[in-house]
Amino acid sequence: MGQPVVHFEVIGKDGDKLRSYYSEMFGWKFESPMPEGTSPDGMDYQVTQREGNTAPDGSGIGGGIGVAPEGYDGHVTFYVAVDDVEAALQKAEELGGTRMMGPDEILGRMTIGQFTDPEGHVVGLVTP
């Protein structure tokens, strides 16, 4: 048995802009994991909890978005379950993202697509 994904992370240049983008894209709510001013090295990092971000079957993960250290562009890797990949790709584009691929049917049981957010991070979309 493989190990499950339990967290996602988006690290980029403008944490507020990225949090606003993903909040509008997927309805995620962000909060600081620690009281203001107590984060290690003053890192700008906020989390969205698993609770309130789950599918009807209870699946889902929480994650975090923060600012990359000086000299590092950042990273992101995750897939998000959506009801309609094409509609989500269109919304991503409307919000300033760029379609990379899809929607494409995989194995006759799911549809996937990918887009880049406004900073160029690759994000996957999937319908089960």
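This is a short talk on one protein chain, its fold, its salt bridges, its largest pocket and a few of its residues.

Hello everyone, and thanks for coming. Before anything else, please keep in mind that what you see above is a predicted model.

Let's begin with the overall layout. The chain has 128 residues, and 35% of them are buried. It contains two helices and eight strands. If you walk along the sequence, those elements come in the order β-α-β-β-β-β-α-β-β-β. How much of the contact pattern joins residues at least 24 apart? If we take contacts between residues at least 6 apart in sequence, the share is 54%.

Now for the charged side chains. In general, side chains of opposite charge can pair when their charged atoms come close. How many salt bridges does this structure hold? There are five, and I'd like to show you some of them.

Please find Asp-44 and Arg-19. Their side chains form a salt bridge, with N and O 2.8 Å apart. These two partners sit in distant parts of the chain, 25 residues apart: Arg-19 belongs to helix H1, which covers 15–26, while Asp-44 lies in the loop between H1 and strand S2 (45–48). Are the two partners buried or exposed? Arg-19 is buried, because its relative accessible area is 5%, under the 20% cut-off. Asp-44 has 28% relative accessibility, so this residue counts as partly exposed. There is also a third member to look for here: Asp-16, Arg-19 and Asp-44 are joined into one network by salt bridges that share partners.

Next, please turn to Arg-99. Which residues does Arg-99 pair with? One partner is Glu-86, in a salt bridge of 2.9 Å from N to O. This pair also links distant parts of the chain, with Arg-99 in strand S6 (residues 98–106) and Glu-86 in helix H2 (residues 85–94), 13 residues apart. Arg-99 forms a salt bridge with Glu-93 as well, and there the closest N and O atoms are 3.4 Å apart. As for accessibility, Arg-99 is partly exposed at 25%, Glu-86 is partly exposed at 26%, and Glu-93 is partly exposed at 36%.

Let's move on to the largest pocket. Its volume is about 850 Å³. Which residues would you look at to find its centre? The lining has 27 residues, and those closest to the centre are Gly-60, Tyr-79, Val-80, Ala-81 and Val-82. Four elements give two or more residues to this lining: strand S1 (7–12), H1, strand S5 (79–81) and H2. Sorted by class, the lining has 17 nonpolar residues, six polar ones and four charged ones.

Tyr-79 takes us to Gln-114. You'll find Gln-114 in strand S7, residues 110–116. Its side chain makes a polar contact with the side chain of Tyr-79, at 2.8 Å. Gln-114 has a relative accessible area of 17% and is therefore buried. Beyond its neighbours within four places in sequence, Gln-114 is in contact with several residues, including Leu-89, Val-122 and our salt-bridge residue, Arg-99.

Val-82, meanwhile, takes us to Phe-26. That phenylalanine is in helix H1. How far apart are the C-alpha atoms of Phe-26 and Val-82? They are separated by 9.1 Å, although the two residues are 56 residues apart along the chain. Apart from neighbours within four places in sequence, Phe-26 is in contact with Val-80, Val-82, Phe-115 and Leu-125.

One last stop: Thr-48, in strand S2. Is Thr-48 buried or exposed? Thr-48 is buried, because its relative accessible area is 4%. Its side chain makes a polar contact of 2.8 Å with the side chain of Asn-53. Setting aside neighbours within four places in sequence, the contacts of Thr-48 include Phe-8, Trp-28, Phe-30 and Gly-62.

To recap, we have looked at a chain with two helices and eight strands, five salt bridges, and a largest pocket of about 850 Å³. If you open the structure afterwards, Arg-99 is a nice place to start, with its salt bridges to Glu-86 and Glu-93. Thank you for listening!

Conventions
Residues numbered from 1 in each chain as written. Predicted model: local features only at pLDDT ≥ 70, side-chain atom pairs only at ≥ 80, totals over all residues. Heavy atoms only, no water. Salt bridge = Lys/Arg side-chain N within 4 Å of Asp/Glu carboxyl O. Buried < 20%, exposed > 50% of the residue type's maximum accessible area, 1.4 Å probe, protein only. 1 Å grid on protein atoms, 1.4 Å probe; cavity = no way out; pocket = protein on both sides within 12 Å on 5 of 7 lines; lining within 4 Å. Points joined across faces, edges and corners; volume = space filled by probe spheres on them. Nonpolar A, V, L, I, M, F, W, Y, C, P; charged D, E, K, R; others polar. Polar contact = N/O pair within 3.5 Å; in protein donor to acceptor, adjacent residues only side chain to side chain. Contact = heavy atoms within 4.5 Å.
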